[in-house]
Amino acid sequence: MKYVVATARAPFSHERVEGNDVVRQNVGGVASSLRRLMLDREGTWVCWGDGALDSLHQEEKIDNYTVSRVIIGKHEKRGFYDDFSNGTLWPLFHYFREKIKTEDFSFDSYLSVNRKFAERIAKHVGNDTVIWVHDYQLSLVPGLLRRMLPEAFILMTWHIPWVAGEFFSILPQAKQILQSLASCNLITFHTDIFVRNFLETHEQMLGSSMAIKNRVAAIPLGIDNEYYSAQNPSDSRRRHNPQRKTIFSIDRLDYTKGLKNRVLAIESLLSTHPELRRKFNYVMLVTPSRTTVSDYVLMKRELEMNIGRVNGKFGDLEWAPIIYMYRKVSDNVLKNHYRFSEIAFITPLIDGLNLVAKEFAAASDDGILILSKFAGASADLRSAIIVNPYDVTDMAESLYIALNMGQEERKARLADLKAVVRRKNSSWWIAKIEKEIIKRGSGELNSPESKDN
Ligand code: GDG
């Protein structure tokens with residue numbers, strides 16, 4: 001099988017560093033799983049060339065596949081990425097009704113960038129090619145491609161939640177997006193709930209259909225378990241203060257991640273259990289994200305005010321409950337945090353999956369995972385302490401339970417989590433998806449909607 005993969009984010013970018021053209025590998029679970037896939041098979045990866053020097057390298061061979069970069073102008077980037085992808089679709093698919101922007105002009109840019117992707121993909125498609133489109137930034141690509149290539153096999157993997165049909169229909173362009181997705185041969189989501197929501201949406205807006213049911217599957221992304229569970233020899237020392245337990249989290253700065261509620265949970269914990277003062281640190285790593293989108297700038301200010309308030313209320317000359325860092329860290333530093341933190345506190349208000357929860361389970365020596373019930377990963381990671389991220393008291397109580405959990409229970413829970421993450425790893429994910437592609441075979445590749453009844 002040969003692929004043309006399409007993602008908004010690039011696997012590699014060309015940046016200018018001290019006057020030199022430097023190739024940078026982009027981090028993130030999706031990029032690394034797909035990089036491995038492409039290494040194994042020849043093919044093309046179509047992506048957005050957003051690196052400073054990417055326009056000089058629109059087509060380039062990396063290892064045994066081609067990276068084909070779509071170049072987007074400044075104005076178009078604003079409409080496509082800042083406004084429609086992240087100002088409209090992102091809040092829509094995470095149930096943030098008040099944040100959804102519905103200005104028409106940004107949709108024009110979104111459509112034109114999706115068309116550029118579709119045209120570029122079409123250029124690289126040959127016989128036996130599977131076109132694999134990823135995520136909400138490229139939702140119109142399948143429909144545009146279907147018109148150009150009626151026989152092609154088009155697969156879409158949707159990485160974020162799919163919401164209830166009624167909520168989705170807020171979007172003026174809802175039908176257009178849904179019709180585009182419905183033209184795929186296969187659509188994968190991370191959970192059964194998202195599959196159910198998608199099918200209900202389809203039924204409400206386009207009518208009931210057996211064919212669409214056969215083309216949707218829940219296949220959660222796995223991680224590279226070996227990479228995260230391997231010990232880094234240079235990190236054999238304990239990084240954190242052995243006198244205190246470490247509660248750890250890492251997230252992009254995003255309103256879906258429930259960052260403020262975690263700070264409030266620390267406040268509640270210390271108010272109800274003052275004996276825990278100086279007994280732990282909450283190491284809160286936050287990575288800059290979408291810094292040109294206005295909501296994100298305001299959110300950062302609010303989060304930092306709350307951290308300052310809670311540290312001011314409980315801290316002293318020798319201790320502050322929250323150690324906040326706003327930056328990107330290297331993989332080695334991140335793995336070190338995973339390995340040595342006693343507790344991972346991963347409580348998004350809603351999340352398609354959440355790879356951090358899986359990475360922590362793979363890397364941890366003896367840790368406890370506290371996980372939001374609204375993270376897609378909670379469907380599999382049942383041995384975590386599952387919390388409601390809107391219930392600050394519940395989260396504080398879970399922290400208290402985790403801080404006092406005996407070794408036997410800790411070990412049993414972690415062993416369960418590790419077993420799931422090991423089994424459903426990134427190779428499992430690819431194999432499962434390929435099985436679904438093969439199952440559908442070429443007979444079903446031709447115009448999927450024609451089989452509807
Ligand atoms: C979408 C969905 C779904 C983050 N900061 C640093 C860093 N990371 C790495 C983590 C992890 C990844 O980035 C973030 O994981 P997410 O699961 O949040 O993925 P996203 O790509 O943001 O989001 C999400 C995912 O797609 C996959 O389908 O789970 O629900 O929103 O791998 O480790 N890595 C390093 N330094 C950082 O500062 N090294």
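This text walks through the ligand site of a predicted model and then turns to one buried residue, Asn86.

Start at the ligand. It is surrounded by 23 residues. The closest are His159, Val329, Asp331, Asp351 and Glu359. Sorted by class, this shell holds 10 nonpolar, 7 polar and 6 charged residues.

Next, see where the shell comes from. Domain 1 (2-222 + 428-452) and domain 2 (230-424) each provide at least three of its residues. Four elements each supply at least two: α1 (29-40), β11 (245-252), α12 (331-340) and α13 (355-363). Helix α12 gives the most, with 3 residues.

Now look at single atoms. Asp351 places a polar side-chain atom 2.5 Å from an oxygen atom of the ligand. For Lys257, a polar side-chain atom lies 3.3 Å from a ligand oxygen atom. Gly352 takes part through its backbone: an N or O atom there lies 3.0 Å from an oxygen atom of the ligand. Taken alone, the ligand exposes 730 Å², and the protein buries 88% of that.

Leave the ligand and find Asn86. This residue sits in helix α2, which spans residues 74-92. Its relative accessibility is 2%. Buried means under 20%, so Asn86 counts as buried. What does Asn86 touch, leaving aside residues up to four places away in sequence? The list is Tyr81, Pro91, Tyr136, Tyr255 and Arg290. With Tyr136 there is also a polar contact, side chain to side chain, at 2.9 Å.

Terms used
Residues numbered from 1 in each chain as written. Predicted model: local features only at pLDDT ≥ 70, side-chain atom pairs only at ≥ 80, totals over all residues. Heavy atoms only, no water. Near = heavy atom within 4 Å. Polar contact = N/O pair within 3.5 Å; in protein donor to acceptor, adjacent residues only side chain to side chain. Areas by Shrake-Rupley, 256 points an atom, 1.4 Å probe, with all protein chains shown as cover. Nonpolar A, V, L, I, M, F, W, Y, C, P; charged D, E, K, R; others polar. Domains from an automatic or database assignment. Buried < 20%, exposed > 50% of the residue type's maximum accessible area, 1.4 Å probe, protein only. Contact = heavy atoms within 4.5 Å.
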